[in-house]
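These are my notes on the model, set out as numbered points. Please read them with the coordinates open.

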Amino acid sequence: MPAWLVARGLIPETSPKRAFAGATFVNQIGKGLFIAGAALFFTRSVGLPVSQVGFALGAAALIGLAAGIPVGRLADRRGPREVFRLSVVVQALAVAGLVFVHSFLSLIAFVCVVELATSAGTAARGPLTRTLGAPNPTRYRSYLRALNNIAVGCGALAAGVAVQLDTRTAYVSLILGTAAMFLVSAALASRVPSVSPIEAPAEGSRWPALKDKPYVALTALDGVMTIQNQVLIFALPLWIITHTDAPRWFVGASVAINTALVVCLQVRVSRGVDNNTAAGRVARRAGAAFLLATALIAAAGGAPGWVAMVIIVLGVIVHTLGELWHAAAAFELSFGLAPEHAQGQYSGLFAIGQGLSNAVGPPLLGLLCIGWGKPGWLVVGALLLVVGQVIPLVVSWSDRTHARVPG
C-alpha cells in the first residue's frame, strides 16, 4: 500500500519527507481550528468587543512579521529543524494561555506571542522544506500546499462543532485542541533528521537578505500578487451577495471549487517549474489569468441568477489556475534566488511580503471591488497582470547581480 501511494504521488517517497509532511499537516489542522474559532472565542466566550478583537489580531499579525528575518538567521546558524520545533512548542503554549484571557491587554500579550511564534516557524520551515525537497523543492512544497488545504479545511469543519454549541466549554475545548495539535506537530517534527547549517562566506554580510535589492523587490512584487488570495475568500463572497443574483449558498460552493482544484492540481502544475526562468514564465501566466478571472467575476454583476453562477464558476476556475501558477513561481523563486547558507533569513523576508498582503488585501479589495464595482475588479486584475510581467525582469536582474557577486 505505501508503494502504491508513493507511485501515485499521494505520499512522499522518503521517511523524512513523510515525517515533515505529517508534522505540517497536523500543524495546519490546528491553524484551521484557530482561524475558524478564535474570533468567536474572544467575542462570545471571553466577551470582548469585536473592535478590540479585530485590532488585537491585526496588530499582532503585523508585529509577528518582525520575527521572520532574525529567526530565519537563527535557523541558518543553529539548524532549521530545532528552531521549527521550538517555535511550534512556544505557539502551543501561547495558544493554551488564551483560555486565561479576560481583558484587552492580556489578549494583546498572548496573541502577539502566538503570531511571533507562527512567524518564526514559517521562517524555519523554509530551509527545512528546501533541504528535504531537494533536488526539486518546488514539487515538494506544492505537495505540502495541497496537503495543507485539506488540513485547514478539516480544522475549520471541526471548529464548526464548537461554534454550533456556542458554549464556554466548547470554545475552551477548541482552543486547547488547537494547542494540542501544535504539540503533536512538534513531536512529529522530532522524526525529521536534523539539517546541518551551511557555513556562510567569511567576508559576507550578517544580513544578506536585506541588502539583496532584487530579492527585496521580488518580495514586494510577490506581496502585491498575493492579494489574489483574498479575492475568493473575501471579495467574491461580498460580490455574490451584494452585486449578483446568484444564491447565497453559492458563496460556499465557489470556495469549495477552488479548494478542490488546488488539492488536485497544485503538484501537477508545479512540474517543470524547477528553475528561476521557468518560475518567471509561470508568474507571467498567472498575471494574465488573474486579469481574465477578475473580468469574468465583474461580468457576473447584474446578470440573471443562473448566468451569474456560470460566469462565476468560470472566473473561479481561471483564478485558481492563476493561483496555482503563482504559488509554483513563488515557491521556486523564494528558494532559487536565495543563497544556500541563508535560506532561513531569506524565507523570513519573503514571508513579510505575504503577511503585509494579508493585512492590506481586504481593505483594498473592499474599496475597489465592492465599493467601485466592475471597474474596480478590472483595476485589480490589471495590477496583478502588470506585476506578473515585471517578475521575470526581477529574476533576470537577480541572476545578473548574483553572477557578479559569487557566494
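1. Helix α15 bends by about 40 degrees at V360, and a proline, P362, follows within four residues. The model is a predicted one, and the bend should be read as a feature of that prediction. The helix covers residues 343-372, 30 in number. From first C-alpha to last, α15 reaches 41 Å, close to the 44 Å expected at 1.5 Å a residue. Just after the helix comes G373, with a positive phi of about 90 degrees.

2. Helix α12, residues 250-270, also has a kink, of about 45 degrees and centred on C264. Its 21 residues reach 29 Å between the first and last C-alpha, close to the expected 30 Å. The residue G272 follows α12 and has a positive phi, near 90 degrees.

3. Which residues of α12 are buried? They are F250, V251, S254, N258, V262, Q266, V267, V269 and S270. In an α-helix there are 3.6 residues a turn, so residues three or four places apart point the same way. The buried residues of α12 pack against three helices: α7 (137-165), α11 (229-243) and α14 (305-336).

4. How many cavities of 30 Å³ or more are there? The count comes to one, and the largest cavity has a volume of about 40 Å³. Its lining is made up of L218, D222, M225, A283, H326, A329, A330, L333, F350 and I391. The elements that give two or more residues to this lining are α10 (213-225) and α14. Helix α14 provides the largest share, four residues. By class, the lining has eight nonpolar residues, one polar and one charged. Helix α14 thus appears twice in these notes: the buried residues of α12 pack against α14, and α14 contributes to the cavity lining.

5. Is H102 buried or exposed? H102 counts as exposed because its relative accessible area is 60%, and the cut-off for that class is over 50%. The residue sits in the loop between α5 (80-96) and α6 (104-132). Leaving aside neighbours within four places in sequence, H102 is in contact with V46 and R168. The C-alpha atoms of H102 and R168 are 13 Å apart in space, and the two residues are 66 residues apart in sequence.

6. T178 lies in helix α8, residues 168-189. It is classed as buried because its relative accessibility is 0%, where the class requires a value under 20%. Not counting residues up to four places away in sequence, T178 touches G30, L33, F34 and V95.

7. S119 belongs to helix α6. Why does S119 count as buried? Its relative accessible area is 12%, and the limit for a buried residue is under 20%. With residues up to four places away in sequence not counted, S119 touches G64, L65, A67 and G68.

8. When checking the helices, please look at the two bends together with what follows each helix. For α15 these are the bend at V360 and G373; for α12 they are the kink centred on C264 and G272.

Technical notes:
Residues are numbered from 1 along each chain as its sequence is written. This is a predicted model: local features need pLDDT of at least 70, side-chain atom pairs count only at pLDDT 80 or more; totals for chains, interfaces and linings use all residues. Side-chain values use heavy atoms; hydrogens and water are left out. The expected span of a helix is 1.5 Å times one less than its number of residues. The bend at a residue is the angle between axes fitted to the seven residues ending there and the seven starting there. Buried means under 20% relative accessible area, exposed over 50%, partly exposed in between (1.4 Å probe, protein chains only). Contact means heavy atoms within 4.5 Å. On a 1 Å grid over the protein atoms alone, a cavity is a set of points where a 1.4 Å probe fits but cannot get out, and a pocket is an open set with protein on both sides within 12 Å along at least five of seven lines; lining residues have an atom within 4 Å of a point. Grid points are joined across faces, edges and corners, and a volume is the space filled by probe spheres set on the points. Ala, Val, Leu, Ile, Met, Phe, Trp, Tyr, Cys and Pro count as nonpolar, Asp, Glu, Lys and Arg as charged, and the others, Gly among them, as polar.
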